[in-house]
Amino acid sequence: MQLNKSNYYSTEANLHYMSGSQLKSFLPAYEGCEAKAMAKIRGEYVEPPKDAFDEGHYLHAWNEGTLDEFKVNNPSLYSTRAPSVGQLKSNFQHCNKMIKILESDPLVMKALAGKKEVIMTAELFGVPWKIMIDSYQPEVGIFSDLKALKDIGGKWWNKETQCYENFLDHYGYTLQMAVYAEVERLVMGRDKWLIPHIVVVTKQDLPDYEIIYFDYDVIEASLQIVKNKIERVKSIKSGLVPPVRCEKCEYCRGTKRINRIKHYSELALY
Ligand SMILES: [Zn+2]
């Protein structure tokens with residue numbers, strides 16, 4: 001299957017290819033759920049639209065240089081209610097503020113330069129993978145991903161590992177960057193990885209931002225995690241093993257049936 005921007009996120013592409021976010025969607029450590037992941041891949045479950053999703057698209061359209069076109073094609077970005085009819089909705093006006101801040105920093109613009117939205121595919125751990133790199137600069141040995149988040153300093157409780165973690169681990173960005181680095185390396189037939197960078201910008205009233213880079217140690221460690229997890233995900237995706245329901249996510253709540261009464265002590269806080 002040949003991938004392009006219009007079919008990259010299609011059901012067909014998700015069935016054929018694995019991706020960093022698809023792998024994470026199976027793994028409880030990243031708030032994934034096997035049952036929801038499979039329902040999504042099969043096209044049986046569509047996640048309810050989230051503002052954060054559209055804001056991400058808005059920022060990526062800016063990075064790609066197609067923001068004007070994006071605005072024309074997405075009338076839902078504009079308010080239909082008085083007195084702000086026809087104006088950008090306030091959350092997208094705030095995106096403009098985030099963009100302005102990024103544009104004003106030369107090092108950010110340097111990190112985000114290069115070829116935009118580069119799609120690559122390669123076989124990794126016995127399955128075909130797809131990646132889309134936001135900003136690709138092999139000539140300087142780096143690639144960059146653009147992320148918008150609430151707060152750089154936030155901490156999240158990981159039930160599996162029983163400890164707090166930062167946004168990089170919580171959202172599995174290290175894992176995602178490692179997959180990008182490895183797929184790119186395989187496609188180019190190089191023996192060394194490009195250095196993955198993430199440009200993060202926060203949604204705070206006065207946005208904060210940072211450029212973060214990763215090293216070979218974390219790429220190796222993250223690829224090891226992928227290797228450890230991929231076999232089960234492969235067997236679920238091919239239908240050999242039934243997916244387990246997490247009974248907590250939106251998909252599971254929406255399809256819930258109680259088949260066992262819980263003992264009061266099962267309601268753990270942490
Ligand atoms: Zn679930």
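Helix α3 (34-41) and helix α10 (residues 216-237) pack at an angle of about 50°, with 11 Å between their axes. Axes here are lines fitted to C-alpha atoms, for helices over the stretch in contact, and angles run from 0 to 180 degrees between N-to-C directions. α3 and α10 are therefore oblique to each other; angles under 35 degrees count as roughly parallel, over 145 as roughly antiparallel, 65 to 115 as roughly perpendicular, and the rest as oblique. Helices themselves are DSSP runs (H or I, at least four residues), numbered from the N terminus.

A word on what you're looking at: this is a predicted model, where local features need pLDDT of at least 70, side-chain atom pairs count only at pLDDT 80 or more, and totals for chains, interfaces and linings use all residues. Residues are numbered from 1 along each chain as its sequence is written, and side-chain values use heavy atoms, with hydrogens and water left out.

Back to α3 and α10: their crossing is right-handed, a label used when the near helix is turned clockwise from the far one by less than a right angle (anticlockwise would be left-handed). Which residues of α3 meet α10? Glu 34, Met 38 and Ile 41 do, and their partners in α10 are Arg 232, Ile 236 and Lys 237. Contact means heavy atoms within 4.5 Å. This set splits into 3 nonpolar, no polar and 3 charged residues. For that sorting, Ala, Val, Leu, Ile, Met, Phe, Trp, Tyr, Cys and Pro count as nonpolar, Asp, Glu, Lys and Arg as charged, and the others, Gly among them, as polar.

Here are the helix pairs side by side.

| Helix pair | Angle | Axis distance |
|---|---|---|
| α3 and α10 | about 50° | 11 Å |
| α4 and α6 | about 40° | 10 Å |
| α9 and α10 | about 95° | 8 Å |

α10 also packs against α9 (residues 173-188) at about 95°, which makes α9 roughly perpendicular to α10. Among the α9 residues in this contact are Leu 175, Ala 178 and Val 179, while the α10 side includes Ile 219, Leu 223 and Val 226. The contact of α9 with α10 has 9 nonpolar, 2 polar and 1 charged residues.

Then there's α4 (residues 51-64) with α6 (residues 90-103). This pair is oblique, given its angle, and its crossing is right-handed. Tyr 58, Leu 59 and Trp 62 are among the α4 residues that meet α6, where Phe 92, Ile 99 and Leu 102 are among the partners. That contact divides into 8 nonpolar, 2 polar and 4 charged residues.

Now for the metal. What holds the zinc ion? Its protein donors are the SG atoms of Cys 33, Cys 246, Cys 249 and Cys 252, lying 2.3 Å from the ion. Donors are N, O and S atoms within 2.8 Å of the metal (3.2 Å for Na, K and Ca); water is not among the atoms, so sites may look incomplete. The 4 donor atoms subtend angles of 104 to 118°, so the arrangement is tetrahedral (four donors with all angles between 85 and 135 degrees). Cys 33 sits in the loop between α2 and α3 and Cys 252 in helix α11, so the pair ties together parts 219 residues apart in sequence.

Two backbone oddities finish the tour. Glu 31, in the loop between α2 and α3, has a positive phi of about 60° although it is not a glycine. The peptide bond from Ala 82 to Pro 83 is cis, with omega near 0°, and Pro 83 lies in the loop between α5 and α6.

Note on methods. Tetrahedral: all angles 85-135°; square planar, octahedral: opposite > 155°, others 65-115°.
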